[in-house]
Amino acid sequence: MIISLTDTSSGNNASGKDAIDVSLVGGKAASLMKLYSTPGLSKYVPRGFALTAEFFSSWVDAVTSSSEWADAQKQLQNGSNDVATLTELFEKLQNKASNVSLSIQQSKALEQLKLHMKSWPVGGLAAVRSSAPEEDGSGASFAGA
């Protein structure tokens with residue numbers, strides 16, 4: 001669920017020959033892993049972790065199995081341009097996703113991550129970047145969208 005991009009002592013790292021598939025962590029995380037494993041470059045790569053696509057599977061499952069998802073798909077497949085209807089549907093989907101609770105496994109993974117971050121310089125400050133596999137297309141990038 002959480003992969004270290006650079007810390008080989010964490011037991012959950014993906015640098016070097018064991019690099020993780022881009023589809024699990026997204027392009028930015030995979031690129032950082034590759035840079036870190038390149039001799040002479042690792043000292044320039046900040047420490048980091050990636051939440052894998054698996055981490056978010058409960059949200060994806062809850063949303064894509066909902067009636068709101070089915071309604072939104074119908075509207076989009078029918079070529080609907082009704083902004084008010086689409087906005088209402090997307091707000092319902094957002095609400096659906098917002099109400100999915102963390103599982104025990106997700107909570108434990110985040111606690112483990114917080115412990116690792118406490119050892120970082122400057123009291124565990126971190127930059128958070130979006131790097132979902134779906135954001136990395138051959139024709140467009142939707143980072144942070």
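Trainee: Which residues make up the largest nonpolar core?

Mentor: First, the ground rules: this is a predicted model, where local features need pLDDT of at least 70 and side-chain atom pairs count only at pLDDT 80 or more, while totals for chains, interfaces and linings use all residues. Residues are numbered from 1 along each chain as its sequence is written, and side-chain values use heavy atoms, leaving out hydrogens and water. A nonpolar core here is a set of buried Ala, Val, Leu, Ile, Met, Phe, Trp, Tyr and Cys residues joined through side-chain atoms within 4.5 Å, and buried means under 20% relative accessible area, with exposed over 50% and partly exposed in between (1.4 Å probe, protein chains only). By that rule the largest core has ten residues: M1, I2, F49, F55, W59, V100, A109, L113, M117 and W120.

Trainee: Which helix gives the most to this core?

Mentor: Helices (H or I, at least four residues) and strands (E, at least two) are DSSP runs, numbered from the N terminus. With three residues, the top contributor to the core is helix 6.

Trainee: And how many residues does the second, separate core have?

Mentor: In soluble globular proteins, nonpolar side chains tend to be buried together. The second core includes L5, V25, M33 and A50. Its full count is six.

Trainee: Within what arc do the buried residues of helix 6 fall?

Mentor: Those buried residues are Q106, A109, L113 and M117. Take the directions from the helix axis to the C-beta atoms, which define the arc. Seen down the axis, the buried residues line one face of the helix, because their arc is 75 degrees.

Trainee: Which residues are exposed on the other side of helix 6?

Mentor: Turn helix 6 around from its buried set of Q106, A109, L113 and M117. On that other side you'll find I104, K108, L115 and K118.

Trainee: How far apart are the end C-alpha atoms of helix 6?

Mentor: The expected span is 1.5 Å times one less than the number of residues. Helix 6 has 15 residues (104–118), so it should span 21 Å. The model agrees, with the end C-alpha atoms apart by 21 Å.

Trainee: Which residue does E111 meet in a salt bridge?

Mentor: Side chains of opposite charge can pair when their charged atoms come close. The rule wants a side-chain nitrogen of Lys or Arg within 4 Å of a carboxyl oxygen of Asp or Glu, and the count comes to two salt bridges. E111 is partly exposed at 42%, and its partner in helix 6 lies three residues away, about one turn. At 2.9 Å, N to O, that partner is K114.

Trainee: What N to O distance does the K92 and E88 pair have?

Mentor: K92 and E88 are separated by about one helical turn, because they sit four residues apart in helix 5 (residues 83–98). K92 is partly exposed at 39%, and E88 is partly exposed at 44%. Their salt bridge has an N to O distance of 3.5 Å.

Trainee: Is S66 buried or exposed?

Mentor: S66 lies in the loop between helix 3 (57–64) and helix 4 (67–77). Its side chain reaches the backbone oxygen of V63 at 2.7 Å and the backbone nitrogen of W69 at 3.1 Å. With a relative accessible area of 8%, S66 is buried.

Trainee: Which residues is T52 in contact with, leaving aside its neighbours within four places in sequence?

Mentor: T52 sits in the loop between strand 2 (49–51) and helix 3, and it is buried, at 6% relative accessible area. Contact means heavy atoms within 4.5 Å. Beyond those sequence neighbours, T52 is in contact with M1, I3, L24 and V25.

How values were computed
A polar contact is a pair of N or O atoms within 3.5 Å; within protein, one must be able to donate a hydrogen and the other to accept it, and residues adjacent in sequence count only if both atoms are side-chain atoms.
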